Protein chains: 2
Amino acid sequence: MPTDTFFNLPDDKRERFLTVAIDEFADNDYRNASVSRICREAGIAKGSFYQYFADKKALFMYLLDVAVAEKRALLAQIEVPEGMRLFAKLRWLFEMQAQFDFAHPRLAEVGSRALYGELPFRDDVLETLREQATVAYRQMVLEGIAEGSVREDVAVDTAVFMLVSIFNELGNHLQKRLNLTPQTMMTRQLTPEEWAEAGQIFDDLIQLLQNGLGSAE
Amino acid sequence: MPTDTFFNLPDDKRERFLTVAIDEFADNDYRNASVSRICREAGIAKGSFYQYFADKKALFMYLLDVAVAEKRALLAQIEVPEGMRLFAKLRWLFEMQAQFDFAHPRLAEVGSRALYGELPFRDDVLETLREQATVAYRQMVLEGIAEGSVREDVAVDTAVFMLVSIFNELGNHLQKRLNLTPQTMMTRQLTPEEWAEAGQIFDDLIQLLQNGLGSAE
DNA sequence: AGATAATATGACTGCATGGTCACATGACCG
DNA sequence: CGGTCATGTGACCATGCAGTCATATTATCT
């Protein structure tokens, strides 16, 4: 989506630009993110920007590409476990998501804005991305039923809705529970204690999803 | 928050204005909602607007007042049941929320934007409103434990997080499941069949929250 | 060095916004 | 009728935006 000129840029300049752009789209939704501000911040002329990208939308879509690529890179780094049963798989997914959020807090913010925020244009790629989570979760629930780990009489649509809602808010919740801000996450790694706490939250969540809140009474 | 002048307005003019304003803040987040557009749409001069409200923020806060008042009115209409146990109470809450969403779809949209969207200013009243849901749910879970309907070893914080996440997304989910748009909701009542379907979804949700997705295995 | 192509630049256009203000209109009262 | 007060009005200001373009700078090759 960017032009050759953009890729010809010296690495440091290109990276500085990207950092600034990601920050801008992490701090502001699409309409309020400002090309002018990005240019000012990154120290490049407005005209130059339009030599790199056709327009604001092209930059935004490229940032999403970067986010997707980054996520793929993370997944490639860790072998996807085979033969996991539903609740183990869910837990693993939670952990993956958290790992991405912690490794790329600003990018993750851009991504979640893109998925759940409002945009002044319609984009099919994005639309598909949006649906993907629902479809994947439905598939998982169905497999869960097939393998016997999920009750046969479960209300599939409603269960999927639950999973997606929780998944979407998980990042925010972890941040609150661990007292983290995107800044602190950028500047330091998670301590083992923090990871343990996150792990505990995942365990609790899985426990709740699997057995509910109700007592046996 | 509005001036006397605003309340002195002929009823139809004031109501027309409010309808337009609510639509504007339902369709756009705070920053993108436009006073100029509201004035144009409502057929009043820009100067007049500033005779009714100190500024854009004052209008916005007033709309929230209206929303809260409207919700109170709904609750006053229906007697709050006493002595309900947790899961019955939750179901009742779901139904209340849905009834409000269906009765005032546009206002509900303004409200949820206010609670979960971003604002260019900080407001203590709003902050309190935001926390209220979490506090109330925590209280309910604790009561649930006390009365024995909730497992004693439940992870309270995580359970509350689950409940809040689900509750926040419930409106959207119902809309999708029942194939409704704010417009259709404005123009017609829900059919008994649609209400039944909503009720089924509530039942399913409660069932999932209480017993989880897991099979007994 | 000279010529050609790639890149950088920032003033500029056109547009929309929130908010102001000097003035116009209308209502009520003696 | 005249005067006073409440209300209505829209041109106007400062600001910020996305995007353009003529011009200037720098690289590259002969």
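Two residues are in contact if their C-beta atoms, placed from the backbone, lie within 7 Å. By this criterion, and leaving aside residues up to four places away in sequence, A159(A) touches V141(A), V154(A), L208(B) and L213(B). The model is predicted: local features need pLDDT of at least 70, side-chain atom pairs count only at pLDDT 80 or more, and totals for chains, interfaces and linings use all residues. Residues are numbered from 1 along each chain as its sequence is written, while chains are lettered from A and ligands numbered from 1 in the order in which they are written.

A159(A) also belongs to the largest nonpolar core, a set of 50 residues in which A159(A), M162(A), L205(A), A159(B), M162(B) and L205(B) have the most contacts. Such a core consists of buried Ala, Val, Leu, Ile, Met, Phe, Trp, Tyr and Cys residues joined through C-beta atoms within 7 Å, where buried denotes 20 or more other C-beta atoms within 10 Å of a residue's own, also placed from the backbone. Among the helices (DSSP runs of H or I, at least four residues, numbered from the N terminus), α6 (86–103), α8 (124–147), α9 (156–177) and α11 (192–211) of chain A and of chain B each supply at least two residues of this core.

A rotation of 180° with 0.0 Å of shift along its axis superposes chain B on chain A, with an RMSD of 0.0 Å; the fit is by least squares on C-alpha atoms of residues with pLDDT of at least 70 in both copies. The two copies are therefore related as by a two-fold rotation axis. In chain B, the C-alpha nearest this axis belongs to G212(B), 1.9 Å from it.

Notes
Buried ≥ 20, exposed ≤ 12 C-beta atoms within 10 Å, placed from the backbone.
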